[in-house]
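Visitor: Take me to the aromatic residues in this chain. I want a close look at their rings, then at what surrounds them.

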Amino acid sequence: MNKEHSKFLILGIIVVGMVLRLPFTSIPPILGSIAKSQHVSVGQLGMLTTIPLIAFALFSSLAPKTAQKFGLERAFALMLGLMIIGSIIRVINTPFLYFGTLLIGIGIAHLNVLLPSVIRTYFPTKIGPMTSLFTFSMMLATALGASMAAPITAMTNWHIFIIILSIALFIALIIWLPNERFAVKHKQNKVSENHVIRTQEKISVWKNKYAWLLLFFCGMQSAMFYVLMAWGPTMAVQTGLSPAIAGIFSGLNSLIGLPFALIIPTIIARSTRKQRQILMSIISLSGVFGYLLLLHPVGTFSYWLIVNILIGVSTSGLFPYLLTTFSLKTSSPSQTAQISGMVQSGGYLIAALGPALFGYAFSWFHSWTPQIFVILVLFILMIIAMVIVEKKDKIL
């Protein structure tokens, strides 16, 4: 373990994890309030959940270059600053609401990619526990944010809620700043290492079939989460649930899987390849069964609780597995950043298209059934891709 780091590094990783989804996953429950205030339809604001995913797809591959130029620690500070600006300008008007969401997406795209690299750099022998730490904090904040958005907005207004989110980002930046001074100290070594191998990696990572399988896995495990987040409440309301009850599941989905987010990375890091194949296949099938239930929806609380438990367990296990795999399947922090950037760039493009195509198919077929069948087939292929990747100790 690299001991040359700030005393605030671990706390910094925790708070960065907390704001890694919070600024945009807490918005869907209050879209109605925002639309009413801005005098637009809720449908027009649907892009607010898609813009971050598009930003992930477009900017994730740039994150390694940003880290090479500024150093990992300083890159984090810059991106948190960008997210603060993006968050606070959302209260100005509708165009700034979209633009601010884009800035937030750019910042998160970089942090998504570089967090595994930070852990690989400073905690190479504690990859599992450290990945557990920030994925747990991320999912806890996501659950709390989605659950508290509507009550806070009802008591005040959506502008106040956005300001609260901006304050949370500012606090994260303040906590991270002590780490920034280590950027200069470690930058030279990191840049030297990258200079030697970056050309080889740029070529190999995009021509590596296992990296492409991991990219597909990333896209489908994200789609499993974002499709339910985007359309689950609508489907629940269509079966007879009230909007208030349906909204509860936005936070419940994340809350259910918290224990899994906490333990999965540690288990993965300590498991053999065969054990990882079996464990992740079981966790993946949990989500598949959840989507199978959606073929025959029932308008009861217990039914939607079971659906969200099954899918919540799966998404809460698959995402930390993916982040842990970036570090386990590579041999250096630079390689971790390269494959993380490549996989998340393509994976989130798939994730961005998923909810949009899922909703468009409903307008075409006037039913959820055809797209659920398609996505179930893709989930089975996702499991196969994971099994193939786990046949290799290292893919880079």
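**Aromatic rings and their surroundings**

Guide: Start at Phe-225, which is buried because its relative accessibility is 18%. Buried means under 20% relative accessible area, exposed over 50%, and partly exposed in between, using a 1.4 Å probe and protein chains only. Tyr-226 is buried too, at 3%.

Two points on method come next. This is a predicted model, in which local features need pLDDT of at least 70 and side-chain atom pairs count only at pLDDT 80 or more, while totals for chains, interfaces and linings use all residues. Residues are numbered from 1 along each chain as its sequence is written, and side-chain values use heavy atoms, leaving out hydrogens and water.

Now the rings. The whole structure holds 12 aromatic pairs. One of them joins Phe-225 and Tyr-226, edge-to-face, with 4.9 Å centre to centre and 80° between the planes. Another is tilted: Trp-231 and Trp-368, at 5.6 Å centre to centre and 50° between the planes. This tryptophan pair links distant parts of the chain, 137 residues apart. Trp-231 sits in helix α11 (residues 209-238), and Trp-368 in the loop between α16 (333-365) and α17 (369-389). The rings that count are those of Phe, Tyr and Trp (its six-membered ring), paired if their centres lie within 6.5 Å; planes under 30 degrees apart are stacked, over 60 edge-to-face, the rest tilted. Helices (H or I, at least four residues) are DSSP runs numbered from the N terminus, as are strands (E, at least two).

The two tryptophans differ in burial class. Trp-231 is partly exposed, at 25% relative accessible area. Trp-368 is buried, at 10%. The loop of Trp-368 also holds His-366. His-366 has phi near 55°, a positive value in a residue other than glycine. At 64% relative accessibility, His-366 is exposed. Most residues other than glycine have a negative phi.

Back to Phe-225 and Tyr-226. They belong to one aromatic cluster with Phe-24, Phe-56 and Tyr-348.

Phe-24 leads to its own neighbourhood. Ser-26 is found in the loop between α2 (22-25) and α3. Ser-26 is buried because its relative accessibility is 0%. A polar atom of the Ser-26 side chain lies 2.7 Å from the backbone oxygen of Leu-22. That is a polar contact (a pair of N or O atoms within 3.5 Å; within protein, one must be able to donate a hydrogen and the other to accept it, and residues adjacent in sequence count only if both atoms are side-chain atoms). Setting aside neighbours within four places in sequence, Ser-26 is in contact (heavy atoms within 4.5 Å) with Gly-145, Ala-146, Ala-149, Phe-161 and Leu-165.

Phe-161 and Leu-165 point to helix α9 (residues 158-180), which packs on α1 (residues 9-18) at an angle of about 145°, with the axes 9 Å apart. Axes are lines fitted to C-alpha atoms, for helices over the stretch in contact; angles run from 0 to 180 degrees between N-to-C directions. The α1 and α9 crossing is left-handed: the near helix is turned anticlockwise from the far one by less than a right angle, where clockwise would be right-handed. An aromatic residue takes part here. Trp-176 of α9, with Ala-172, Ile-175 and Asn-179, meets Leu-9, Leu-11, Gly-12, Ile-13, Val-15 and Val-16 of α1.

Phe-56 leads to α4 (51-59) and the loop between α3 (31-38) and α4, where Thr-50 lies. Thr-50 is buried, at 13% relative accessibility. Its C-alpha atom is 8.0 Å from that of Ala-356, 306 residues away along the chain. Met-47 is in this loop as well. Met-47 is partly exposed, at 38%. Beyond its neighbours within four places in sequence, Met-47 is in contact with Ile-54 and the aromatic Tyr-98. His-39 shares the loop. Its phi is positive, near 60°, in a residue other than glycine. His-39 is exposed, at 73%.

Last, confidence. The chain averages a pLDDT of 85, and 92% of the residues score at least 70. Over residues 188-201 the pLDDT is below 50, and this stretch has 17 contacts in the model beyond near neighbours in sequence. pLDDT is the predictor's confidence in each residue, from 0 to 100. Where pLDDT is low, the predicted coordinates should not be read in detail.
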